[in-house]
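Me: I am new to reading structures, and I would like to understand why certain words are used for what is shown here. Could you take me through it slowly?

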Amino acid sequence: MRDRSLIYLGLLVFLAAVTIPFTYNLTASGSGSMPDLELPENETQCVESTEFMRSSHMQLLVDWREDQVRENIRTYTSSDGRTFDVGLTNTCLKQCHARKEDFCDRCHDYAGVEEPYCWECHIDPEQIQWSGQ
Amino acid sequence: MIISRKKFLKIAGVSALAVTGERLARNFAGAMQSEEQKTAGALTTKRLAMVIDLKKCAQEEGCTQCIDACHRIHNVPVIDDRNHEISWIWKDEFKHAFHSAHNEYTAKHIEHLPVLLLCNHCGNPPCVRVCPTKATWKREADGIVVMDWHRCIGCRYCMAACPYGSRSFNWTDPRPNIKEVNVDFPTRTKGVVEKCNFCDERLAKGKLPACVESCPQNALFFGDVDDAGSEIRQVLASEFAIRRKPELGTNPEVFYIV
C-alpha cells in the first residue's frame with residue numbers, strides 16, 4: 001500500500017486528461033456560440049427552405065453547375081414554384097449575399113470547412129484585389 | 001423418359017436458334033428506332049456558324065475591337081510572354097492562316113491580309129474525341145464546341161489535337177493579368193485549357209456573340225447554316241467563302257470571304 005499516493009496521482013492525471021474537452025469548453029469564452037451571419041435585407045427566403053440550404057446547399061450548387069454547364073438549363077424552379085437564374089456570383093452573391101465574408105465564410109470558418117475552390121474562378125465582386133485594376 | 005443423343009442435339013439446336021433469333025430481332029428493331037429518333041432530332045437542332053468577310057475586316061487597319069470586346073467580356077488575361085499567352089480570338093496573316101492556299105507568287109496584299117482566327121466549332125471536332133474527361137463536347141442542340149472548366153484536368157490532349165491552335169493553356173494563375181474584370185463571367189484557374197465558346201452565355205439571353213456585335217465594319221455574320229432562309233446562308237450563297245484546312249475532315253464552321 002506504499003504506492004497509494006502514486007496511484008491517486010495517476011488517477012488524477014487520467015481524469016484531467018479525459019475531461020479536457022469539457023473543462024476547455026467551460027473555461028474558453030464564447031467558443032460555443034453560433035456564428036453571427038449577415039442576412040440579406042431585401043429577401044427573407046432563400047431559393048429553398050433554410051433547413052434544406054443549411055444541409056444541402058453544396059449539392060444544390062453542384063446540381064446548378066451540371067444543369068447550366070452541361071445541359072444548358074439556366075433557370076431553377078424551387079419547390080415552392082419560384083424561378084431563379086442559375087448562377088453563383090450573379091444570383092447568390094449579387095442578389096442576396098453581397099458580402100460573402102459575412103455569410104459564407106463566417107459559417108465555413110465556424111464549421112471548420114476549408115474555403116471551397118469555387119472562388120478560384122467564380123468572382124466575389126467585393127474582393128477583386130487580385131486584378132490588375 | 002429416355003432421350004436419345006440425336007433428339008437431345010435437335011432440341012438444343014432449336015432452342016439456341018430461338019434465343020439468338022429473338023435477340024437479333026430486338027437489336028434490329030432498336031437500331032431502326034434510334035435512326036428514326038436521330039432524324040427527328042435533326043429537324044429541331046441548329047448548326048451555328050460564322051462568316052468573316054476579310055475584305056471588310058481589313059478596311060479598318062489595326063482594328064482590334066472584336067478581340068478587345070471578347071477578351072474583356074470573358075476575363076481573358078493579357079500575358080506578354082508568348083509562351084503563356086491566352087487568346088480566344090486573334091489575328092494572323094493570310095499566309096499563316098491559309099497555309100495551303102498560299103504560294104510564293106501570292107500577291108503581297110493577300111499574303112499579309114490579316115485574318116481573324118478563333119475556334120472553328122468543328123462539325124467533327126478532334127479535341128472532343130481526345131478529351132479523357134469529357135470536359136469538352138459538341139452541343140447537340142446548336143453544334144457549339146463547349147467546355148466544362150470544372151472538369152478540365154489540364155492534360156492538353158485537346159490542344160495537341162486541334163489543328164487550328166484555337167486552345168490556350170493557363171500556365172499561371174490568370175487573375176493578376178486580367179486588366180478589367182467582368183464580374184458577370186468567371187475567370188479560369190491555373191492548369192485549365194480555354195477557348196472561344198461562341199458566346200454561349202450571350203446566346204442564351206438572345207444576344208449575338210460579342211465579336212459580331214462589336215465589329216464596326218459589320219464584317220462578321222453569325223447564324224444557323226441549317227436554316228436555308230438565314231442571313232448567313234444568303235451571304236454564303238452570294239459570296240465565295242473558304243474554310244481553314246477542310247481537307248482534314250474536321251468540317252470547320254467558320255467561313256472566310258477573301
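Reply: Let us start inside helix 3 of chain B, residues 65–73, where Cys66(B), Ile67(B), Ala69(B), Cys70(B), His71(B) and Ile73(B) are buried. This is a predicted model, in which local features need pLDDT of at least 70 and side-chain atom pairs count only at pLDDT 80 or more, while totals for chains, interfaces and linings use all residues. Residues are numbered from 1 along each chain as its sequence is written, chains are lettered from A and ligands numbered from 1 in the order in which they are written, and side-chain values use heavy atoms, with hydrogens and water left out.

Me: What covers the buried residues of helix 3 of chain B?

Reply: The cover includes strand 2 (89–93), strand 3 (114–118), helix 8 (200–203) and helix 9 (210–214) of chain B. Helices here are DSSP runs of H or I with at least four residues, strands are runs of E with at least two, and both are numbered from the N terminus. After helix 3 of chain B comes Asn75(B), whose phi is positive, near 55°.

Me: Why is Pro21(A) called partly exposed?

Reply: Buried means under 20% relative accessible area, exposed means over 50%, and partly exposed is in between (1.4 Å probe, protein chains only). Pro21(A) has 47% relative accessibility, and therefore counts as partly exposed. Pro21(A) belongs to helix 2 of chain A, residues 20–27.

Me: What makes Arg70(A) and Asp148(B) a salt bridge?

Reply: The term asks for a side-chain nitrogen of Lys or Arg within 4 Å of a carboxyl oxygen of Asp or Glu. In this pair the closest N and O atoms are 3.0 Å apart, so Arg70(A) and Asp148(B) fit the rule. Between chain A and chain B the count is four salt bridges, and a search of the whole structure over all chains finds 23.

Me: How do you know that the pair of Arg151(B) and Glu66(A) joins two chains?

Reply: The closest N and O atoms of this salt bridge are 3.8 Å apart. Arg151(B) lies in the loop between strand 5 (145–147) and helix 7 (157–161) of chain B, whereas Glu66(A) lies in helix 3 of chain A, so the pair joins two chains. Arg151(B), with a relative accessible area of 32%, is partly exposed, and Glu66(A), at 26%, is partly exposed as well.

Me: Why is Glu111(B) called buried, and what is Lys95(B) called?

Reply: Glu111(B) has a relative accessible area of 9%, and is therefore buried, while Lys95(B), with 23%, is partly exposed. The two form a salt bridge whose closest N and O atoms are 3.9 Å apart. This pair links distant parts of the chain, since Lys95(B) is in helix 4 (residues 94–97) of chain B and Glu111(B) in helix 5 (residues 108–111) of chain B, 16 residues apart.

Me: Are Asp142(B) and Arg139(B) buried or exposed?

Reply: Asp142(B) has a relative accessible area of 8%, so it is buried, and Arg139(B), with 9%, is buried too. Their salt bridge has its closest N and O atoms 2.7 Å apart.

Me: How many residues does each chain bring to the contact?

Reply: Chain A brings 20 residues and chain B brings 25 residues, where contact means heavy atoms within 4.5 Å. The two chains bury about 2000 Å² between them, 51% of it on carbon and sulfur atoms; buried area is the accessible area (1.4 Å probe) that two parts lose on being put together, summed over both.
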